[in-house]
Amino acid sequence: MKRMGMIFRAKANKALDRAEDPRETLDYSYQKQLELLQEVRRGVADVATSRKRLELQLNQLRGQSDKLGDQGKKALALGREDLAREALTRRSALQQQVSDLETQHQTLQAEEDKLTLAAQRLQAKVDAFRTKKETIKATYTAAQAQTRIGEAFSGISEEMGDVGMAIQRAEDKTQELQARSGAIDELLASGALDDPTGTSKDDLTAELDRISSGSDVDLELERMKAELAGGTTPQALEGGTGGVQDPRQDTPKFDKQ
């Protein structure tokens, strides 16, 4: 099971490597950094809001403390020491609250300064990463284009390989058809193949047909001459088998005397 799991993870990792685009990965990382920077900025805003709220409370408590101090003075001036003591007692309680709020304010101020510095540093890193990201993407795109051009020129790319195989198959089929056509012509010329339609003839038969056709033409010509001359009838020109009659039969015989 461990071996199967390792094989599965190896194949999955290889598939992910083929499917991964470094440019998309860089864009995703940059987006995550922007989200982190936004969270830090929201944290700074929240701390600043809390600090501002404490400042308002401090100002309110300080105002109440000053008011109680003035009331104690007036009561003491009027001879009401008891009222003056009560005012000073309340003022002392307010002073304790003011002291606690001041401590919290200082803590929030320090936290705000820390988060502000962290946000500034993170902003600088994000800007540097963005510049580096664009540089890497441009370099990767150029290298990818150069690789494709090189593969196209060398013929090792998948597209050019398919084109080359198609051309090779076309050439092979063309050569096969040419060889088959030449072989059929040679067999027909030698008479090795009989034409089932009866339209194909060998050289000897074609020559005999040509001679026979020429004889028929000559015979027809002689007949036409005889008819025009009004002499020998066309029947006299016919032989026993349709050939030309031997001219020695019409030659007159002379006495040796």
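1. Let's start with N59, which sits in helix α2. Is N59 buried, partly exposed or exposed? With a relative accessible area of 49%, N59 counts as partly exposed, because the partly exposed class runs from 20% up to 50%. N59 also has a partner worth finding on screen: V98 is 39 residues away from N59 in sequence, yet their C-alpha atoms are 8.9 Å apart in space.

2. Before going further, keep in mind that this is a predicted model. The pLDDT of the protein averages 77, and 75% of the residues score at least 70. Helix α2, the home of N59, has the highest confidence, at a mean of 88, while helix α5 (residues 203–229) has the lowest, at 73. Then there is the stretch over residues 233–257, where the pLDDT is below 50. Beyond near neighbours in sequence, that stretch makes 16 contacts in the model, so I'd read those contacts with the pLDDT in mind, as it is the predictor's confidence in each residue.

3. Now the overall layout. You'll count 5 helices and 0 strands, and the order from the N terminus is simply α-α-α-α-α. Of the 257 residues in the protein, 13% are buried. The accessible surface is about 20,800 Å², with carbon and sulfur atoms supplying 55% of that. As for contacts with a separation of 6 or more, 68% of them join residues 24 or more positions apart.

4. Which residues make up the largest nonpolar core? There are 7 of them: L54, L58, L61, L68, L94, V98 and L101. Two elements, α2 and α3, each give two or more residues to this core, and α2 gives the most, with 4. V98, the residue paired with N59 in point 1, is one of the core members. L94 is another one to click on: setting aside neighbours within four places in sequence, L94 is in contact with L61, Q64, S65 and L68. Apart from this core lies another one, of 6 residues, including Y30, V40, A119 and V126.

5. Y30 deserves a point of its own. How many aromatic pairs does a search of the whole structure find? The search turns up 1, and it is formed by Y30 and F129. The two rings are stacked, at 6.4 Å centre to centre with 15° between the planes. Why does this pair tie together parts far along the chain? Y30 lies in helix α2 (residues 22–77) and F129 in helix α3 (residues 81–154), so the pair links parts that are 99 residues apart in sequence. Y30 is also buried, at a relative accessible area of 16%.

6. Finally, look at what else sits by the Y30 ring. K133 lies over the face of Y30, at 5.1 Å from the ring centre. K133 belongs to helix α3, the helix that also holds F129. Is K133 buried or exposed? K133 counts as buried, because its relative accessibility is 4% and the cut-off for buried is under 20%. Leaving out residues up to four places away in sequence, K133 touches L26, D27 and Y30. So for a quick tour of this spot, show Y30 with F129 stacked against it and K133 over the face of Y30.

Conventions
Residues are numbered from 1 along each chain as its sequence is written. This is a predicted model: local features need pLDDT of at least 70, side-chain atom pairs count only at pLDDT 80 or more; totals for chains, interfaces and linings use all residues. Side-chain values use heavy atoms; hydrogens and water are left out. Rings of Phe, Tyr and Trp (its six-membered ring) pair if their centres lie within 6.5 Å; planes under 30 degrees apart count as stacked, over 60 as edge-to-face and the rest as tilted. Buried means under 20% relative accessible area, exposed over 50%, partly exposed in between (1.4 Å probe, protein chains only). A charge sits over a ring if NZ of Lys or CZ of Arg is within 6 Å of the ring centre and within 35 degrees of the ring normal. Contact means heavy atoms within 4.5 Å. Accessible areas come from the Shrake-Rupley method with a 1.4 Å probe; for residues, only the protein chains shown count as cover. A nonpolar core is a set of buried Ala, Val, Leu, Ile, Met, Phe, Trp, Tyr and Cys residues joined through side-chain atoms within 4.5 Å. pLDDT is the predictor's confidence in each residue, from 0 to 100.
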